[in-house]
Amino acid sequence: MAQRVGLYPGTFDPITNGHLDIVERATAHLVDKLVIAVAINVGKSPVFSFDERVAMVKNETAVIAKKYNTEIEVKGFQNLLVDTAKEFGATILIRGLRAVSDFDYEFQMASMNRHLEQEVETVFLMASDRYQFIASSLVKEVCQLGGDIEQFVPKNVALALGKKYQA
Ligand code: ADP
């Protein structure tokens with residue numbers, strides 16, 4: 001049977017426990033291989049460089065790949081999402097849905113992508129209860145204002161973010 005390859009795109013500035021929950025659920029239940037695509041060019045200037053974001057995603061997802069004996073690749077992308085999916089042999093686009101506020105944009109994107117490429121199907125995973133309020137942008141804001149972020153992101157990410165705002 002053909003391998004089901006999923007593409008999980010995002011900015012990951014930085015990766016949070018919410019992202020990791022999506023990676024774990026997709027790996028456990030949906031795909032034979034997951035390509036995590038980290039956006040190279042980000043509109044609003046990211047706190048972490050592309051290389052830093054990729055390194056953190058790789059570090060934090062290695063344990064999930066091992067747990068499920070599934071390949072997880074971390075790549076950069078700057079082209080159309082459907083072209084990136086084709087480039088990596090992915091037919092499933094994985095997105096997380098947190099709240100109604102995510103819905104409009106995601107619905108529009110999924111429709112646009114289906115018009116551009118019928119072979120790629122977008123699959124949405126509803127955020128888990130305990131992570132639905134976690135967004136990279138909010139975590140950064142809390143950290144900048146001196147709040148404790150260790151329950152929202154992996155330990156190494158919390159340390160790296162703390163350093164950014166100390167500097
Ligand atoms: P983008 O720049 O596309 O918003 P993000 O890095 O913020 O990229 O998120 C990538 C994907 O992960 C999106 O589908 C987003 O909805 C999803 N996501 C982000 N945070 C969470 C969370 N806490 N729970 C579930 N999905 C999430």
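**A walk through the predicted model**

Let's start at Leu116, which counts as partly exposed because its relative accessibility is 43% (buried means under 20% relative accessible area, exposed over 50%, and partly exposed in between, with a 1.4 Å probe and protein chains only). The model is predicted, with local features needing pLDDT of at least 70 and side-chain atom pairs counting only at pLDDT 80 or more, while totals for chains, interfaces and linings use all residues. Residues are numbered from 1 along each chain as its sequence is written, and side-chain values use heavy atoms, leaving out hydrogens and water.

Leu116 belongs to helix H4, residues 100-116 (helices, H or I with at least four residues, and strands, E with at least two, are DSSP runs numbered from the N terminus). Together with Leu80 and Met112, Leu116 makes up a nonpolar surface patch with about 290 Å² of accessible area. Patch members have over 30% relative accessible area and no salt bridge; like charges are joined within 9 Å, and nonpolar side chains (Val, Leu, Ile, Met, Phe, Trp, Tyr) within 5 Å. The areas come from the Shrake-Rupley method with a 1.4 Å probe, and for residues only the protein chains shown count as cover.

Helix H4 also holds Glu106, whose side chain meets that of Arg95 in a salt bridge at 2.8 Å, N to O (a side-chain nitrogen of Lys or Arg within 4 Å of a carboxyl oxygen of Asp or Glu). Arg95 sits in strand S4 (residues 92-97) and Glu106 in helix H4, so this pair ties together parts that are eleven residues apart in sequence. Both Glu106 and Arg95 are buried.

Arg95 leads us on to the ligand. An N or O atom in the side chain of Arg95 is 3.1 Å from an oxygen atom of the ligand (a polar contact is a pair of N or O atoms within 3.5 Å; within protein, one must be able to donate a hydrogen and the other to accept it, and residues adjacent in sequence count only if both atoms are side-chain atoms). The side chain of Arg98 places an N or O atom 3.3 Å from a nitrogen atom of the ligand, and a polar side-chain atom of Thr11 lies 2.5 Å from a ligand oxygen. On its own the ligand exposes 550 Å², of which the protein buries 85%. Around the ligand there are 16 residues, and those that come nearest are Tyr8, Thr11, Gly96, Tyr131 and Ile134 (near means that a heavy atom of the residue lies within 4 Å).

Next, look at the loop between S1 and H1. Phe12 is in this loop, and its phi is near 55 degrees, a positive value in a residue other than glycine. With 2% relative accessibility, Phe12 counts as buried. Further along, the peptide bond from Asp13 to Pro14 is cis, with omega near 0 degrees. Most residues other than glycine have a negative phi, and most peptide bonds are trans.

The loop, between strand S1 (5-10) and helix H1 (17-29), also holds Thr16. Thr16 is buried, with a relative accessible area of 2%. Its side chain reaches the backbone nitrogen of Gly18 at 3.1 Å. Beyond residues up to four places away in sequence, Thr16 touches Ile134, Ser136, Val139, Phe152, Val153 and Pro154 (contact means heavy atoms within 4.5 Å).

Salt bridges offer another route through the model, and 13 of them are found in the whole structure. In helix H1, Arg25 pairs with Asp21, the closest N and O atoms being 3.0 Å apart. These two are separated by about one helical turn because they are four residues apart in the helix. Arg25 is partly exposed at 23% relative accessibility, whereas Asp21 is buried at 13%.

Another salt bridge joins Lys33 and Glu73, with closest N and O atoms 3.4 Å apart. Lys33 lies in strand S2 and Glu73 in strand S3 (residues 71-77), so the pair ties together parts that are 40 residues apart in sequence. Lys33 is buried, with a relative accessible area of 13%, while Glu73 is partly exposed at 23%. A network of salt bridges links Lys33, Glu71, Glu73 and Lys75.

Our last stop is Asn69, in the loop between helix H2 (50-68) and S3. Asn69 has a positive phi, near 50 degrees, and counts as exposed at 73% relative accessibility.
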